[in-house]
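New to this one? Here is a run of questions and answers to read alongside the picture.

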Amino acid sequence: MTTEQRLPPSPKPDRARAQSGYDDLRRLMSIMTGDEKHSASATSTLDVLWVLYDRVLRIDPAEPDDDARDRFLLSKGHGPMAYYAVLAAKGFIDETALATWARYDSILGLHPDRNLIPGVEISSGSLGHGLPLAVGRTLSLRARGLAGPRVYCLVGDAELDEGSNHEAIVVAARMGLEALTVIVIDNQSSSLRWPGGIEQRFSLEGWSAMTVDGRDHAAIEAALTAPAAGAPRAVVAVVEPKA
Amino acid sequence: MNVNSMRDRFAMVASQLLDEDERVAVVLADISTDRFRATGAPARHPARVINVGIREQLLVNVAAGMALEGMRPIAHTFASFLVERAFEQVKLGFSHQGVGGVLVSAGASYDEAAYGRTHGAPEDVALVGALPGWRIHVPGHADEVEDLLRDAVQSHDPVYIRLSERGNTRPYAAARRGLAMLRAGGAGSPTIIAVGPTADAAIEATAGIDATVLYAATVRPFDAEGLRAAVRGSEIVLIEPYLQGTSAAEVTAALSDRPIRLLSIGVPRAEDRHYGRAARHDAANGLDAAGLRARISAWLGAGISAAAV
């Protein structure tokens, strides 16, 4: 079966597709299997994802490939139910797709595939790839002289165990990638932990870093929309520890 | 800078491509930065010549991230680090994301033999060939490098170009052509397929033997049609400058409708703990002209006597 056959009939979602609000996300998530083992991990990202898509990202479901859009890269592809629920609530995918998730011919897998889902910027799942890809995308925006778009990349605190992230953290700062924002969802699931805190890992390298309550929408929004500081920005969003 | 060195020529042509095409970016991990400085490209295109330092995972995924933005990245370092160390980045950054790019390696097989096994990568073509859709070029001359690189940058495919310190005295094939006929044998004669830098030795080794000699600078996709059209007998000798048998399945698939005998010659699957020079390794592996001649003659002789029985 080809990718083309699996994509929705119209490559551009209907502008009139109903958009729903934060209160609807739990219902959308429940359309996917409620007892899925990834559900706790998925929920850790829910509020940050909602604030991004509702208040921060300059993206249009009718023009998901617009060159001027902000790029959002979900690196922590593990547990994507909240992501899919937000994409449905914001009109990137049809709600009916949620009921098919993880089936053989669904566009929605346990890890997302950019080739199958409109508006998804990277295929992820294996940890430690999104941030390096985000550095490449940000360098491209600079090379092409596109000053408007920002690149946002969401990672998990345990994902930072992967050394590939640290190659990217150093280089993004040295190259002054002001258009890049990393959001670390910290549910304290890293097995060996980060002494001194995650924020310090970034600030030591020269990032503009801050820590916020990962459930406080206003605080998340403020951190994600703070003026550029001549350096890449890291926002550590702390949520309850992984059960 | 020497125009007949594949690696120097690569830096020269890539620098021209940076001048000619705004989609092109060169991503480096310290290796060959001296050569690029010599062309002046980093000063002319500071946003498109990117050195990430000794970080090969980042090297490949930065290139992939640029490809996701519609650019045509060229990522370059030694084969052992580009393909082996960063193999998952090659798999996921390019193949799984569904974007193309150009990976150019230096230090083929045991080119850097004195540095030992850590800098050797005779497995590279087998690894890249395990992924879907990659074009793999094994040029045998700096002129072929220029053709293949220009062609690779124009396409949207994922492309791997494998540079070597060694090569043939002259170019044998232009970009993207399949198998080139170097010598036509008589009816029933064996077919010798020489890949990239092995061609000169293969020609010398088969002097006086009635055989068709074919040259391949592109091994993926493998030119099955060209092979089928050229073959005049049932004996095939495949000579590759990397892991022995890497393209054996391509040859047998191309000729699956007929009985053949196949001799695959290449770098043995061994944990080689020798240093020295590459030519010494060729001799030890039977990949120099004398070694090739001895092995091919013995094998053909065995075939003839087996057929007689």
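Q: What makes a stretch of chain B count as a helix or a strand, and how many of each are there?
A: A helix is a DSSP run of H or I with at least four residues, and a strand is a run of E with at least two. By that rule, chain B has 13 helices and twelve strands. Keep in mind that this is a predicted model.

Q: And how many helices and strands does chain A have?
A: Chain A has ten helices and five strands.

Q: Why does the radius of gyration of chain B agree with a compact globule?
A: A compact globule of 309 residues would have a radius of gyration near 19 Å, and chain B has 19 Å, so the two agree. As for its outline, the C-alpha atoms of chain B fill a box of roughly 65 × 40 × 30 Å along the principal axes.

Q: What makes a residue buried, and what percentage of each chain is buried?
A: A residue is buried if 20 or more other C-beta atoms lie within 10 Å of its own. In chain B, 55% of the 309 residues pass that test. In chain A, 49% of the 243 residues do.

Q: Which contacts link residues 24 or more positions apart, and what share do they make up in each chain?
A: Take the contacts with a separation of 6 or more. In chain A, residues 24 or more positions apart account for 78% of them. In chain B, the figure is 74%.

Q: How do you know that the span of helix α4 of chain B agrees with what it should be?
A: At 1.5 Å a residue, the 13 residues of α4(B), 56-68, should span 18 Å. The end C-alpha atoms of α4(B) are 18 Å apart, so the span agrees.

Q: Why is α4(B) called mostly covered, and what follows it?
A: With the cut-off of 20 or more neighbours, 13 of the 13 residues of α4(B) are buried, so "mostly covered" fits. After α4(B) comes B:G70, with a positive phi near 90 degrees.

Q: What makes strand β6 of chain B mostly covered?
A: Five of the five residues in β6(B), 158-162, are buried. B:P158, B:Y160 and B:R162 point one way and B:V159 and B:I161 the other, and all are buried.

Q: How do you know that β6(B) pairs with β4(B) and β5(B)?
A: Two strands pair if DSSP finds at least two bridges between them. Five bridges join β4(B), residues 101-106, to β6(B), and three join β5(B), residues 135-137, to β6(B), so both pairs qualify. Both run parallel to β6(B). Along β6(B), B:V102 has B:V159 as its bridge partner, and B:H137 stands opposite B:I161.

Q: What makes β7 and β12 the edge strands of the five-stranded open sheet in chain B?
A: The strand order in this sheet is β7-β9-β8-β11-β12, with mixed pairing. The strands β7 (180-183) and β12 (261-267) each pair on one side only. The twist averages 25 degrees from one strand to the next. Over three bridges, β7(B) pairs with β9(B) in the antiparallel sense, and B:A180 has B:Y215 as its bridge partner there.

Q: Which residues make the contact between the chains?
A: Chain A gives 21 residues and chain B gives 23. On the side of chain A, α7 (130-143) and α8 (163-174) are the elements giving two or more residues. The largest share, eleven residues, comes from α7(A). That side divides into ten nonpolar, seven polar and four charged residues.

Notes:
Residues numbered from 1 in each chain as written. Chains lettered and ligands numbered in written order. Predicted model: local features only at pLDDT ≥ 70, side-chain atom pairs only at ≥ 80, totals over all residues. Expected span 1.5 Å × (residues − 1). Buried ≥ 20, exposed ≤ 12 C-beta atoms within 10 Å, placed from the backbone. Contact = placed C-beta atoms within 7 Å. Nonpolar A, V, L, I, M, F, W, Y, C, P; charged D, E, K, R; others polar. Rg over C-alpha atoms; globule rule 2.2 N^0.38 Å. Axes fitted to C-alpha atoms, helices over the stretch in contact; angles between N-to-C directions.
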